[in-house]
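Welcome, and please open your viewer with side chains ready to display. We will go from charged pairs to nonpolar cores, one selection at a time.

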Amino acid sequence: MNFAELGIGAPMLDVLSRAGYTEPTAVQAAAIPLALAGRDLLVSSHTGSGKTAAFMLPLLQRLKAAPRSPGRGPRVLVLAPTRELAMQVDAAALAYGAGLPRLRTAALVGGTPYGLQIRKLERPLDVVVATPGRLLDHIGSGRIDFSRLETLVLDEADRMLDMGFLADIEAIVARMPQDRQTLLFSATLDGVVGQLARRLTRDAQRIDIGATPERKADIEQVMLFADDLRHKTRLLDALLRGAEVRQCVVFAATKRSTEDLCGLLADSGFSVAALHGDMQQGQRTRTLQRLRDGQTQVLVATDVAARGIDVAGISHVINFDAPRQAEDYVHRIGRTGRAGRSGVAVTLMGHHERHRVRDIERFTGQPIRIDVIPGLEPRFRPAPAFKRPARPGPSRRPSDRPHARWQGTR
Ligand code: AMP
């Protein structure tokens, strides 16, 4: 099955082939023909499954038809939980729709000035991607008109509810035409999300691709012991010089250590940038754009700042400081292994941090392999392996491990 067979036509097909999308992902194959036919959809899928293109491609294709009424309000509205996701979806709309004549989009997100958003709302728009709070501000000021709206998309609906946006979503939906198309994407369709989904959609087709192997990212997990900060820094340097590292996110514990590490790596000649919560939204957006464009090879980030980053070129994640919570570990390593690619996650572990590994392994149910970089072995060999979850699989004794992966990386 290819995109043309799913009903996608020029000019999107050219954009897709230039982007190297050789075949549709499972969620795209299932959702595109139904969305093109105007059906409502309830889709359980995850970030990384290709869900943005699964709704954006058919909706852009439908924009080729004339609007159903005159006016300047958007024909497509996408609601997303975070600024980062909203801006990513807006960028995707512009990228996929690059060949469409005069596609006009606006990202209406919090934390950014109103001026540009208001100017965009004064002109005709095709696609609006918004976070619920800022959109309600604009609605409250009477700046946005939904009489032309054809399709409403709720992206990551479960996260929007987790973040307390239920009342905002209900207030927004109350302004939408009744005969719209509604597409709801969520990691889960159970519980409150399921109830919301049923209220907002009509005769929706359910698509459940949660169980397809494609979703399971192929991430190799490795741990290196470090004697002290100096040793950790040398390990990091050696890892980053490895031939297999395309792009890398390095996690540090605090904003301060993020900046310090960034400076250190810049001095060592890496193209590196920092990302943390104290930065202005505009600065964060530019930093992520440079990462996406491949201008930045190494991003040093805090947990909060890096949530939701989706850049296919990220081949490695390095935990310079071990994550405090096992859950953070999962979010961190999920920055690699995107879009069906494989990835490597390396945790640099001080001897005093060992107990954290046990928590992580328990949480993920997956063992983390201990490795060493020849020439940079820790002075203290790790004590006999931790009590790991009893599961079948390759031997995990450190001494059994070939070190080929890191050879020649310094
Ligand atoms: P998403 O799940 O929408 O966040 O997409 C995850 C990543 O997959 C993005 O980097 C997309 O550019 C990429 N992607 C989406 N569809 C395809 C496809 N059919 N082939 C290759 N990459 C894709």
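Start by selecting Glu156 and Lys51: in this predicted model, the two form a salt bridge whose closest N and O atoms are 3.4 Å apart. Glu156 sits in the loop between strand E5 (151-154) and helix H8 (157-162), while Lys51 belongs to helix H4 (residues 51-62), so the pair ties together parts that are 105 residues apart in sequence. Are these two residues buried or exposed? Both Glu156 and Lys51 are buried.

Next, select Glu150 and Arg75. Their side chains meet in a salt bridge, at 2.6 Å from N to O. Here too, distant parts of the chain are linked: Glu150 is in the loop between helix H7 (132-140) and E5, Arg75 is in the loop between H4 and strand E2 (76-79), and the two are 75 residues apart. Now colour by accessibility. Glu150 has a relative accessible area of 14% and Arg75 one of 4%; buried means under 20%, so each of them counts as buried.

For the third pair, go to Arg369 and Glu220, whose side chains form a salt bridge of 2.4 Å, N to O. Which elements does this pair tie together? Arg369 lies in strand E14 (residues 369-371) and Glu220 in strand E8 (residues 218-226), so the bridge joins parts 149 residues apart in sequence. Arg369 is buried, with a relative accessible area of 15%, whereas Glu220, at 24% relative accessibility, counts as partly exposed.

Keep the charged side chains on display and add Asp155 and Arg159 to your first selection. Salt bridges that share partners join Lys51, Asp155, Glu156 and Arg159 into one network. If you would like to display every such pair, the count comes to 18 salt bridges.

Now hide the charged groups and turn to the nonpolar side chains. In soluble globular proteins, nonpolar side chains tend to be buried together. The largest nonpolar core here has 38 residues, and those with the most contacts inside it are Phe55, Met56, Leu57 and Leu60. Which element gives this core its largest share? That is H4, with seven residues.

Centre the view on Leu57 and show its surroundings. Leaving aside residues up to four places away in sequence, Leu57 touches Phe3, Ile8, Met12, Leu16, Ile32 and Tyr96.

For a last stop, select Leu121, Leu135, Leu152 and Ile169. These residues are included in a second, separate core of 30 residues.

Terms used: Residues numbered from 1 in each chain as written. Predicted model: local features only at pLDDT ≥ 70, side-chain atom pairs only at ≥ 80, totals over all residues. Heavy atoms only, no water. Salt bridge = Lys/Arg side-chain N within 4 Å of Asp/Glu carboxyl O. Helix = DSSP H or I, 4+ residues; strand = E, 2+ residues; numbered from the N terminus. Buried < 20%, exposed > 50% of the residue type's maximum accessible area, 1.4 Å probe, protein only. Core = buried A, V, L, I, M, F, W, Y, C linked by side-chain atoms within 4.5 Å. Contact = heavy atoms within 4.5 Å.
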